[in-house]
Amino acid sequence: MSGVTSGTGSASCRFAYYFVVCGLDTETGLEPEELADGGFEQSPIQRSFKSKVLAHYPEGTDRSPFNRDAVNMLCMPRGLSFRTQADDREPSFHSFVVTRDDGARSYGFVHTYYEEVTSAQITTAMQTLHQMHHVAHHSSTSSSASSPSSSSMDSLVTSLDESDSDSLAERPLLSCLGCASGSFQSARDTLYSSKALCLLTPLPFLHAARHFLSQLHQAVMSLDAPPLPLESYIHNILYEVPVPPPGRSLRFYGVQGPIMCQQPSPEELPLGDYPLGDAFSLLGVENLVRLLTCILLESQVLLISHDYQRLMTVTESITTLLFPFQWQHIYLPVLPATLNHLLDTPVPFIIGVQRNDGAQRSTGDLSHEANLCFVDIDNHLVNSPEDLPMFPDQPELIQELNEVLLRFGLQAHGGATINKKPAPAVPPCLSSLVLEDLMEDRRNGNLGREELAVLERLQALAKRCGGTAGGKMLGRAFEEEEEELKEAKLNVQLREVFAGRFTTMFGRYEEFVIHSAPDLESWLSNREGASNFDKGSFLLAQPTEHLHFLSRFLETAMFSSFVDSKVLSRWADREPLQHVFDGRLERERLYDTFENDPDNRRYRKCTLLHESSQAMERRLLKADHTAIHPHLLDMRIGQGRHNPGCFPRLQADVLAHGHNTTKWSSRNSRRSDSKRAVIPPETTSGQDNDLREKYSPWRRNLRQSKLLDSSPMAVTQTQRGFVEGLLRECRLKTRRMLMERIGKEGGELGQGEASVAGLQENTLIHSICVLLERTWAHGLKIKQGRSALWSHLLHYQANEEKIKPSSPAESPVSNGSESRRLGEGLPSPKGSLSQDISFVKTMSESLTELGRARAWIYLALEKKCLSQHLKLLLTNQDILRQLYQPHAFLLCEDEREQFLFHLLSLNTVDYLCFTRTFTSISMPYRVVITPMKKLSIAMSMSSPWVCVCGELGDSGVMQIPKNTQEIYFQCQNLGRLSTLQLGQENSGLLAKCLVDCVIVHNEITGHTYRFPCGRWLGKGVGDDSLERVLIGQLVSPGGEEDSGRCMGTPPEECSPPQMGRMGGLASLGRSSSNNRLSSVQVQEEMREAVNNLVKHFHKAEPERGNLTAVLCGEGGLVQSLEQFLLHGFKSSRLFQRSVFIWDFVEKAVVSMETADQMGDLQGSTALCESLCRYVNAINASPRNIGKEGKFQLWVCIGVRDHQLAQWLPLLAEFHLTCRLYEETALFRDRAAVQSLTRLLDNLHEFPIVLETALIKGVEL
């Protein structure tokens, strides 16, 4: 015998918390359900009325206090309904779930049937209502004037005059088309009202509770009285049937036979009794995987069906697949009609709504659709959000699920699955013969232990079916039991498939958990400001194709709660789900099944399917324990009488508490389990739950118990909680974005780290878009599009156009004052809100309303005016009051101001989200050329032209009109600008100009790029260049005070890419620069330039930035190498032509070619030939880029082709070097040249791709 445990212990150890009866209260009469659909236009027999909790046993428990109003609403979500003998009165079953404030759930199972109304007052009241409806329907006056108000209908029975009601009852209703359906006459019809029998349990014992309630109902409807009073069975289920121990099964007894239930062991998946096969049949495999993805990413999920149980089946099935994670937000699989205001919830939710008869509810009924997943269960439809990523390894996962379903006779077909039920294993006619043969063998002593167990099972089935002679009924019972076993095995295998996926994805999650707090109190005090998980490193270890999903999942509340529980387990017990999951990971690590290379991982199918289903089958085929049988109670005489068809008024005193004398015992004598502790279903202590509630911000801000309270005060408090939750979410998200960017800018990232950082940034920006959509949808009166934010923006723009209808259309070309600002190097003022809206409206027609709203957010965020634009949008109070209800977040002034303040903090960082996302749109640009004014040299250029280049392409060559210094053009988005080519035609010595800089302004994003020059452009001056390639730098869009750092002409030695060169003004800068820079400084700058190039290529491509700037910009390779070669270079004499480094290279090449012809060439002939070939190709280019430009091109091509490191030692040993360089020059120092060569050798492993602007016209 196993150990015995009292079933009358704490409520958490009992199978059921409460037994509840809901229905018609004849004392209060008929009260209309005000929020039910249809209203007074329907016939009274078709209306919904308020139900009441008629009785519940016991009165209350310490563990789970009884919530009368909530249970009543969930037992009868659409209220009390009536039928006549002509209507369908089939009983129905549904279940519901109640979530407590600490996250624990209680499950309710409801059996609803129709009971004859015996109260004459109720029958007369219904007759009166029909008479009033008939008169109102045929009256010539409006229905509103004739319809009774709700107050006049309240307590109609008590206010009805007896004589008047009799006279109304005697008058027959006129037959008419409008009143034909749902008519009622008390003299002719029998009135029935719905009644619900409910069992509240701590765990989802779906099948056991359903069987118990069904048997109870059958006993009530039977003409024969049950063996015992109903109180005996209810007392037994409440006090004498315990929760099965983990890993064991339990048999207890209902009115008509035994009932089985079981609980998995601590190493198995938690109990999940809802049929997953039905969920797959209703939605299909692909739809269900898509729905699971939406829930994992915490979208708002709305399910709709005509059947409440279908809603529970799908929601409970999908949430069991979340293992080891748990849903942290609103969870109402069955939404009562009185709680429809929760559909306006601005936070993630899972809500199920019943479809009315003939009604086709759609997403058009909701104000928030941007992040909504709409599930129409009856029509096998799942509409997911627009930008939903794929679940990792989704095709392989779907294939594995289909294989499991096919093994159980479920075949995918269209959007759903078809249940192919195999023929019953035991023919009905054979079942009774088998039973009779086994009973005969038992009498002869020919049965062993296993055969006796089978006989016991057959006898129980026969008793349930009404005797051994009912062969067909017994066969059907066999079929039902086999179907339940098959369903349980299918459940386990499908759940194991998903659990295996999460085990693979998060197998090494513990390595990335950050334990930074020394004690619990310090961790709790710094919870919001600390990071408990190294998300970047974790994403680096994942396959590339999984990153889109995982980066968003790591930002969810369910993952944060999962990690918090792991951290909290240092000071408290682990949560049960995490305990199971960690145990599985330990077993996986024992066999070392995790692969190290993330991108070469193969999909591994689950290997635990057979093992898990076998454990389930063993428990269900043979009970480990049997609860005590129902027995007679100490009841008063006259109680417990049987009245067929009517549920009796139970004797409350015998059901108020249990008796400690009753025990349950094991029927399995094979082994003793006396040392095995019975673990209650809620394994965490109350103290641990308090800790988790304290650290969990989602539970702290959202009281689940308040959601089920429909009183006006509770609804107001709930809406207030939503407002506070939105504000808190905004604060956390903006802080997270700032911390992410600060961490990114504060340290140099490797290649994978930079890639992940960019992905995380995109994920956080996406989360801000979702938050804004939910905020703008909260309290919206009438939905006018898929995006509440975009609809508001259009209202604002329409209102602005009405106010200023006569103002001319704003041209994208700026006025003179803005041109002057650009000429001074200042950024242009930010565009107006209306301009941004107008531009987004002109974008691609393929953009949806939601896409346009997000484009606007991206644009405002990039322009650093998101908070400013939203503040302007919210200043129009008339539009706000027109669009929103009083409880809306946007009408809460204090919270709204704080919301905008948090968004304002995003202006401290730079984003290029709009530029990098919408790469194919057309952008307007403006170019302004600024001459060197301080030298008072007149500007004279002949046919100047520009070509702007960016990371996405170039604008092509564009001629600048005569007598102007600027040009406006429109072309496809160039992305982040990198270089600008500035040139003019060769029109003589008078066409020359000393250019300070060129300013390029993006008219849409507001970005201003400054391209410093500080060089002559023209023949006979400087290096005779007619074309310059300038490197751009982004001017901060923060304002004039920030942009002042980029004003004016930089010193000659600091102007990229021509800094420190000889000739003209360059010679002045060169001598002063070289006097300041020592050989040590020059070598240090050279090392830094090469190091920057190495770090550039160790970043991911999206984060590398502009390679041209690293090569040719300030502090780049070209500048550093030039300073190296200029060190010790002999200065030109007075009144002689200036000498450039390129002159030295040309002379060396000419000397080499001459020596080669004379046969005097020393050293590597092939190396000399390559140097000569490259220099000659550069000189042969048709471009007039000058000597400085040729040197720059020579360095860039040499680095690209890995030749530069070999050319420099060759030039250093050439005889010209001794003549042109002083003895102390670095270029004559063999050790310095060798060190330089080793530095440049580090660049050979990188594929260097040069911009077309640099190498155009050079043929090699």
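Two strands are said to pair if DSSP finds at least two bridges between them. With that idea in hand, the predicted model can be explored through one sheet and one pair of helices.

In β26, V1035 is the bridge partner of T1008. This bridge links β26 to strand β24, which spans residues 1008-1018. β24 and β26 pair in the antiparallel sense, over three bridges. In general, strands of a sheet pair through backbone hydrogen bonds, and the pairing is either parallel or antiparallel.

The wider setting of this pair is an open sheet of five strands, arranged in the order β21-β17-β23-β24-β26 with antiparallel pairing. At the edges stand β21 (966-972) and β26 (1033-1035); each has a single partner strand, so one side of each is left without a neighbour in the sheet. From one strand to the next, the twist averages 30°.

Attention now turns to the helices. Two packed helices are described by the angle between their axes and the distance between the axes. For helix α43 (residues 1165-1179) and helix α44 (residues 1186-1200), the axes come within 10 Å and cross at roughly 135°. Angles over 145 degrees would count as roughly antiparallel, and α43 and α44 are therefore oblique to each other. The crossing in which α43 passes α44 is right-handed.

Which residues make the contact? On the α43 side they are L1171, Y1174, V1175, I1178 and N1179, while α44 brings K1190, L1193, W1194 and I1197. Sorted by character, the residues of this contact between α43 and α44 comprise seven nonpolar, one polar and one charged.

Conventions: Residues are numbered from 1 along each chain as its sequence is written. This is a predicted model: local features need pLDDT of at least 70, side-chain atom pairs count only at pLDDT 80 or more; totals for chains, interfaces and linings use all residues. Side-chain values use heavy atoms; hydrogens and water are left out. Axes are lines fitted to C-alpha atoms, for helices over the stretch in contact, and angles run from 0 to 180 degrees between N-to-C directions. Helices (H or I, at least four residues) and strands (E, at least two) are DSSP runs, numbered from the N terminus. Angles under 35 degrees count as roughly parallel, over 145 as roughly antiparallel, 65 to 115 as roughly perpendicular and the rest as oblique. A crossing is left-handed if the near helix is turned anticlockwise from the far one by less than a right angle, and right-handed if clockwise. Contact means heavy atoms within 4.5 Å. Ala, Val, Leu, Ile, Met, Phe, Trp, Tyr, Cys and Pro count as nonpolar, Asp, Glu, Lys and Arg as charged, and the others, Gly among them, as polar.
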